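Grab a pencil and work through these exercises with the structure open beside you. Try each task before you read its solution.

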Amino acid sequence: MPIYFSRIIVISIVFCCSYWNLQSQQPAYFTLGAEDLKDADVYSIIEDNDNIIYTATNRGLFAYLNGHFVKMGNAKEQIGNSLFSLQKDSKGNIYCCNLKGQIFKLEENRLELFYSIPKKDLGHTTHFEINAKDQLVINSKHVLVLDIYKKQIIFNSFSRDSTLSNFYHLIKIEDDDIMSLNSKGYFRYQSDTIIANYISHNSDIYRYHYYLFGDSNEFEVLIKKSNSHLKILKNGNDISSILNTNIPMSSRWIQFDKNEVFVINRIQGVDVYRLDDKGIQLKESWFQDEFISKIYQTKDGKLLLGTFKEGIHVIPNREIKYKYILKNNLKCRDFCLNNDDIYFVGEDNNIYNYDGNLNLIKKTLGLENIEYIHFIEGLEFYNNISYKNLLFSSEEDFDYRFLLGVKDVFIINENTILFATYNGLYFYNKNDYKTPFNWERYSSLNIPAYFLEDYKGMRIEAVIFNEKDEILYLIKNSEFISINQKNETEYIQFEGEHLTGKALEFYNDTVFIASHNHGVLSFYNGKVQERFNINNGLLSHNIKDIKIDAHRLFIHTDIGFQIINLLNNQWIQLGNSEGIPSKFIKNFRVDDDFLWLNLGSHILSLNINEFKQKEYLIPFSLDSILVNDKKINIDKKIFGYRNKKIQFFTHFKNILLEKECQLVYQLQGADSEWIRTSVNNNMISYKSLSPNKYSFKAYVDWRGQKSEIVEYDFEIRPPFWQTLWFFVALILGLAAIFYLVFRIRLSQIKKINEIELAKQKTEVEKEIIEKEKIESELKALRSQMNPHFIFNSLNSIQDLILQEETDKSYDYIVLFADLVRNTLNYSNTRLIPIQKEIEFLEIYLRLEQLRFKDTFQYNIVYNDSENIEIPSMIVQPFIENSLIHGLLHKQGEKRINITFQLKDKYLECTVVDNGIGRKESEIIRKRQGKKHDSFSLEAIKKRFNILSKQYIIDAKYEIIDLDEGTKVIMNLPYKKIF
């Protein structure tokens with residue numbers, strides 16, 4: 001018999017240590033999706049080729065993107081939300097299934113139905129694995145093998161042997177070796193070869209699994225339900241005697257290497273069994289107060305543990321252990337150390353001791369909140385030997401009620417200790433034995449009395465005394481102050497402001513302060529010696545506490561935990577990548593080479609000398625770019641002036657590093673300096689960029705380690721009217737355009753009239769000709785108005801140029817170009833939508849505003865239906881007359897109000913100006929000897945007469961003189977568009 005089978009026969013599974021020791025430690029971890037998955041039961045987990053984590057739950061499929069679990073869309077044909085069996089093929093495509101036999105494929109963040117198992121082959125459960133040939137081996141009522149690419153069943157176990165049914169377990173042994181089990185035997189699909197073995201055993205067989213232990217030694221483990229025994233089989237043959245085991249028979253077994261098995265208990269917790277020289281032994285027990293539903297190992301070795309409604313626990317490094325102390329939902333508020341013993345205050349305000357067992361040593365009846373506990377060797381606070389050296393508060397210690405607010409303790413020497421409290425500053429003198437110990441606010445011993453008396457009743461948060469220089473340092477009401485032996489108080493400043501902080505430490509005559517806004521600063525002789533901030537390695541300026549032990553400075557920030565070697569300025573950092581959820585750290589202590597972290601329900605103990613800082617690759621790239629909300633090809637570099645909105649989407653996927661990583665970016669040409677933000681803020685948006693050349697640069701910073709910089713250079717070009725060639729071409733082209741428009745329009749009208757006159761043969765033809773003649777006359781009138789209007793506008797441009805209003809003339813030309821284009825379009829159109837007419841008037845009035853400067857205001861009001869059309873360019877001449885005759889010579893504010901109001905049979909338009917009126921205008925005209933060309937108004941009269949005939953309404957206008965200005969009322973025909 002081979003040696004490894006002989007060893008297997010003598011294996012006896014025993015506990016490697018006591019139950020408490022197994023419970024007392026478990027790997028450090030942090031949790032993903034505690035909020036996002038608080039209502040979800042995790043059934044399956046998988047990591048895709050881009051390191052994105054997916055989980056199948058009772059609420060659907062979720063992907064972990066940018067710091068949150070995001071639900072993927074359901075398939076249209078999907079029955080229910082519960083999903084199972086996440087798998088991926090060789091191309092990285094993700095698949096899952098439900099209990100109804102539907103298999104889905106993930107396509108662009110949405111599930112699509114890939115295959116439905118026929119009812120005749122559908123069992124109570126469905127599970128599948130994907131082999132190396134991208135074939136789905138499906139375990140249900142029967143075993144089916146489905147070709148992914150052809151979507152065809154290439155094997156059905158029922159067609160081979162009707163007894164191969166009702167399978168309940170599916171195991172992927174290797175990429176091309178998958179086994180399914182039932183009560184009679186197993187079915188293996190290996191390299192397109194079908195292997196079916198039958199095992200004849202007693203009916204007490206419950207389940208058996210296929211596992212590998214040792215170096216390439218294969219054997220199958222048969223579990224007998226009645227007496228919880230293991231039997232070892234090889235290829236279906238009994239090769240060993242029965243072995244006793246304590247492994248729960250109803251548990252699920254998961255194996256990632258040949259020497260270790262994870263056993264997920266049916267109710268709570270995970271047990272880890274390992275093969276060593278002594279046999280198969282229980283090594284660790286995790287999460288004994290929590291139900292674990294799934295264990296998954298990522299490509300880089302992280303363990304992901306699924307839960308029901310608690311998210312996914314991530315174990316980055318199994319070597320870092322939690323010192324698990326508290327049970328039954330007991331949480332730690334503060335703790336202190338005495339060699340191997342731990343004392344802590346629970347949230348229930350009771351005092352506990354842990355020396356390998358959890359002991360209640362002081363019950364305080366919950367009368368006061370105890371927030372601080374400290375152990376001082378040689379100083380006996382109480383007679384009770386269990387806690388005589390502990391400093392904490394209790395209702396029964398009435399003489400020392402100030403201890404309820406103790407915030408800090410500083411030992412000056414073996415005789416004198418300072419206590420910072422919410423009620424002032426106290427000290428203890430060991431040499432005075434008037435009472436069991438002497439508490440004083442002031443004394444002539446060692447410390448001048450005024451140091452203490454002046455701060456009676458004040459909130460002192462931290463204290464340090466430099467005995468060499470006799471200087472006292474305090475944080476009083478968050479302000480950092482120093483007091484010398486002459487009782488001179490100095491509010492210490494930094495960058496011109498009073499420095500505020502949370503904690504003080506003392507090392508080599510140097511004071512360190514955890515400031516509120518400036519990081520950690522060190523002071524020597526009252527001057528700043530060194531500053532640790534985010535620019536030289538500090539994770540955050542939000543610092544919760546600092547401590548110094550030997551030559552190491554420990555810093556607790558809201559992002560992570562850091563240790564600085566003050567001798568060489570080397571950093572050690574602890575965070576999610578080490579399994580330490582920094583945001584849950586309440587407080588910490590340092591004892592020799594061990595760092596102790598209070599996480600509420602856990603105490604983490606870490607040997608600093610044994611800790612090795614890991615290095616990680618920082619995969620970072622530019623994922624996509626949106627211009628005006630449209631995705632573009634990243635090779636495109638030049639955009640028009642209207643493309644002002646630019647959005648950059650970055651790509652970073654590393655769940656261990658994301659909480660600490662910062663995205664650093666700058667858009668050169670827009671940003672004056674580099675900007676830092678969370679790496680989960682993967683969208684960088686610029687809403688309104690002006691024409692210019694730009695260069696976008698970004699990288700990820702993790703603990704001072706930087707990713708490669710991604711760059712994207714692009715240009716937004718200015719509009720053509722802001723270029724020099726436009727002004728040159730405009731001057732040359734305007735004259736030609738005006739002349740051609742006039743000649744073309746007259747030629748067109750002449751030809752139309754000739755054709756229409758030639759067709760007059762009958763009365764019907766006469767009627768048609770008459771109507772077309774009317775329309776032609778209208779077109780002629782409109783086209784005749786064009787040069788009149790255009791030349792008036794050119795005169796305005798000339799006036800602006802002569803007045804050296806160059807910028808305004810440029811603006812006038814741009815608006816005038818729009819006006820000419822509209823004039824050409826509308827002059828050949830009988831009716832236009834009222835909104836177009838209003839837009840035309842808006843451009844015209846804006847042009848006149850440039851000429852009149854800031855004294856001219858206008859208002860156009862129309863609140864009725866936009867679904868009508870009116871004769872084009874019919875209102876403008878009246879506005880022109882108001883400007884020339886009414887407002888041109890008026891002093892002060894000039895105003896025109898234009899109102900459209902829909903009546904039953906016509907549209908009423910009112911133009912009101914506050915000009916000088918017709919009489920005054922006529923007097924000025926005669927005095928100046930000028931005569932305004934009234935061609936437009938004469939043409940308008942003709943248009944109104946023709947419109948009255950054409951639309952059979954009383955199309956007319958009326959001019960009314962007001963006390964101030966003139967009012968014109970027009971009745972215009974209109975037509976509904978729909």
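First, a definition. On a 1 Å grid over the protein atoms alone, a pocket is an open set of points where a 1.4 Å probe fits, with protein on both sides within 12 Å along at least five of seven lines, and lining residues have an atom within 4 Å of a point. Grid points are joined across faces, edges and corners, and a volume is the space filled by probe spheres set on the points.

Two notes on the model. It is predicted, so local features need pLDDT of at least 70 and side-chain atom pairs count only at pLDDT 80 or more, while totals for chains, interfaces and linings use all residues. Residues are numbered from 1 along each chain as its sequence is written, and side-chain values use heavy atoms, with hydrogens and water left out.

**Exercise 1. Describe the second largest pocket and its lining.**

Step 1: start with the space, which is about 1,500 Å³.

Step 2: look at the wall. It has 40 lining residues, and Tyr372, His374, Asp408, Lys547 and Arg589 lie nearest the centre. Elements giving two or more residues to this lining include β32 (332-338), β38 (406-411) and β52 (543-549). (Helices, H or I with at least four residues, and strands, E with at least two, are DSSP runs numbered from the N terminus.)

Step 3: sort the lining by type. You get 18 nonpolar, 5 polar and 17 charged residues. Here Ala, Val, Leu, Ile, Met, Phe, Trp, Tyr, Cys and Pro count as nonpolar, Asp, Glu, Lys and Arg as charged, and the others, Gly among them, as polar.

**Exercise 2. Check the span of helix α8 (residues 834-852).**

Step 1: take 1.5 Å times one less than the number of residues. For the 19 residues of α8 that gives 27 Å.

Step 2: compare. The end C-alpha atoms are 26 Å apart, which agrees.

Step 3: see what is covered. Buried residues (under 20% relative accessible area with a 1.4 Å probe, protein chains only; exposed is over 50%, partly exposed in between) of α8 include Ile834, Phe840, Leu847 and Phe852.

Step 4: step past the end. Just after α8, Lys853 has a positive phi of about 65°.

**Exercise 3. Which strands stand at the edges of the sheet β4-β5-β6-β7?**

Step 1: read the order. This is an open sheet of 4 strands with antiparallel pairing. Two strands pair if DSSP finds at least two bridges between them.

Step 2: find the ends. β4 (42-47) and β7 (68-71) each have a single partner strand, so one side of each is left without a neighbour in the sheet.

Step 3: add the twist. Neighbouring strands are turned by 25° against each other on average, direction ignored. (Axes are lines fitted to C-alpha atoms, and angles run from 0 to 180 degrees between N-to-C directions.)

Step 4: zoom in. Strands β5 (53-57) and β6 (60-65) share 4 bridges, and Tyr54 has Ala63 as its bridge partner in β6.

**Exercise 4. Find the partners of strand β59 (residues 621-627).**

Step 1: β59 runs antiparallel to β62 (646-651), with 6 bridges. Ser624 is partnered there by Phe649.

Step 2: β59 also runs antiparallel to β60 (630-631), with 2 bridges. Leu626 is partnered there by Lys631.

Step 3: check the turn. β59 and β60 form a hairpin with 2 residues between them, and Asn628 in the turn has a positive phi of about 50°.

Step 4: check the cover. In β59, 5 of the 7 residues are buried.
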